[in-house]
Amino acid sequence: MKHSVCHYGFIPVRTEPQETSEMCTQILFGESYEVLAQQGKWLRIRMDYDGYEGWIDAKLDWTDDEVTVDKWTKAKKWIVSWPSIKMMCKGEPHSTLVSAGSEIWLNGNELASFTLGKDEFHMDCDYLMLDKPSIESVAMAFYGAPYLWGGRSFFGMDCSGFTQLVYKIIGKKLPRDASQQVEIGQVVENVEDAMLGDLAFFNSPNGNITHVGLCLGNNRIIHASGNVHIDWFDSKGIFSDHYDRYTHTLKCIKRIL
């Protein structure tokens, strides 16, 4: 089957081929995917970045020649590190907003422009940050972003979408779901030993991993729950000042970096 590249700010990916099905993830601008099958107006896809599969509306599938898609897919791309940037497509009267984590194959490092198929895009040079930012600055840039089940963009993200996105921007690939992310890295035995960048995982009463957050050190954690914010956590779990109680039960801490 063919490969395609996301030409929108993001494409929602659903668990079933219908509008009312839940969104399980998003394809960000410039990310590529493989089309596996078609069912009516729906395409079954597999993301190249993390192997995640789901269904997208065929109207959102961008078609171009295989050579163009192949070059874009294999090129070394700049990962957007700003929470969001505004781009203008030449000849179009409107701008496009794309989220951090989007992938862009620049027309040279000194130019804030790129070409995708027949479209030429331009953005403000101030956005162009070629050096990788620190993991703390990336995580804090998402502070206040709303929670959205299946989201992995600044405009809405779930807990594992947040951690995957932060790690992507600093150049480290993570699986999509918290239950997958917990399988990698080295165990940190004590909460007091947790360092900046470690991931803390939390479980439901039946033991399933249901939540993940990024450790900031000194018993602080930044995570997407309602929105992206900072809470305190200890060996018992996350304590919310807002609710004045523990909201998540700690399962383990893993060191990824």
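## Exercises on aromatic pairs and nonpolar cores

In this predicted model, W72 is buried, with a relative accessible area of 2%.

**Exercise 1.** Determine how the ring of W72 is placed against the rings of W105 and F114, and which parts of the chain these pairs link.

*Solution.* The count of aromatic pairs in the model comes to 9. For W72 and W105, the ring centres are 6.3 Å apart and the planes stand at 65°, and because planes over 60 degrees apart count as edge-to-face, this pair belongs to that class. W72 lies in helix α1 (residues 66-74), whereas W105 lies in the loop between β10 (103-104) and β11 (113-116), so the pair ties together parts that are 33 residues apart in sequence. As to accessibility, W105 is partly exposed, with a relative accessible area of 33%.

The next step turns to F114. Its ring centre is 6.1 Å from that of W72, with the planes at 50°, so this pair is tilted. It links helix α1, which holds W72, to strand β11, which holds F114, across 42 residues. Both W72 and F114 are buried. Finally, F29, W72, W105, F114 and F121 form one aromatic cluster.

**Exercise 2.** Identify the charged residues that lie over the faces of Y49 and Y243, and give their distances from the ring centres.

*Solution.* Over the face of Y49 lies K173, at 4.9 Å from the ring centre. Over the face of Y243 lies R245, at 5.2 Å from the ring centre.

**Exercise 3.** Establish how far helix α3 is covered, and which residue with a positive phi follows it.

*Solution.* Helix α3 spans residues 159-169, and 11 of its 11 residues are buried; among them are polar residues such as S160, T163 and Q164, as well as F162, L165 and V166. The helix is followed by G171, whose phi is positive, near 95°.

**Exercise 4.** Work out which elements supply the largest nonpolar core, and what F162 touches.

*Solution.* The largest nonpolar core has 29 residues, and F142, F162 and L214 are those with the most contacts inside it. At least two residues each come from α2 (135-141), α3, β16 (199-203), β17 (209-217) and β18 (220-225), and α3 gives the most, with 6 residues. When residues up to four places away in sequence are not counted, F162 touches A139, F142, M157, L214, I222, H223, A224 and V228. A second core, separate from this one, has 18 residues and includes V80, C89, V98 and L106. As general background, nonpolar side chains tend to be buried together in soluble globular proteins.

Conventions
Residues numbered from 1 in each chain as written. Predicted model: local features only at pLDDT ≥ 70, side-chain atom pairs only at ≥ 80, totals over all residues. Heavy atoms only, no water. Phe/Tyr/Trp six-rings, centres within 6.5 Å; stacked < 30°, edge-to-face > 60°. Helix = DSSP H or I, 4+ residues; strand = E, 2+ residues; numbered from the N terminus. Buried < 20%, exposed > 50% of the residue type's maximum accessible area, 1.4 Å probe, protein only. Lys NZ or Arg CZ within 6 Å of the ring centre and 35° of its normal. Core = buried A, V, L, I, M, F, W, Y, C linked by side-chain atoms within 4.5 Å. Contact = heavy atoms within 4.5 Å.
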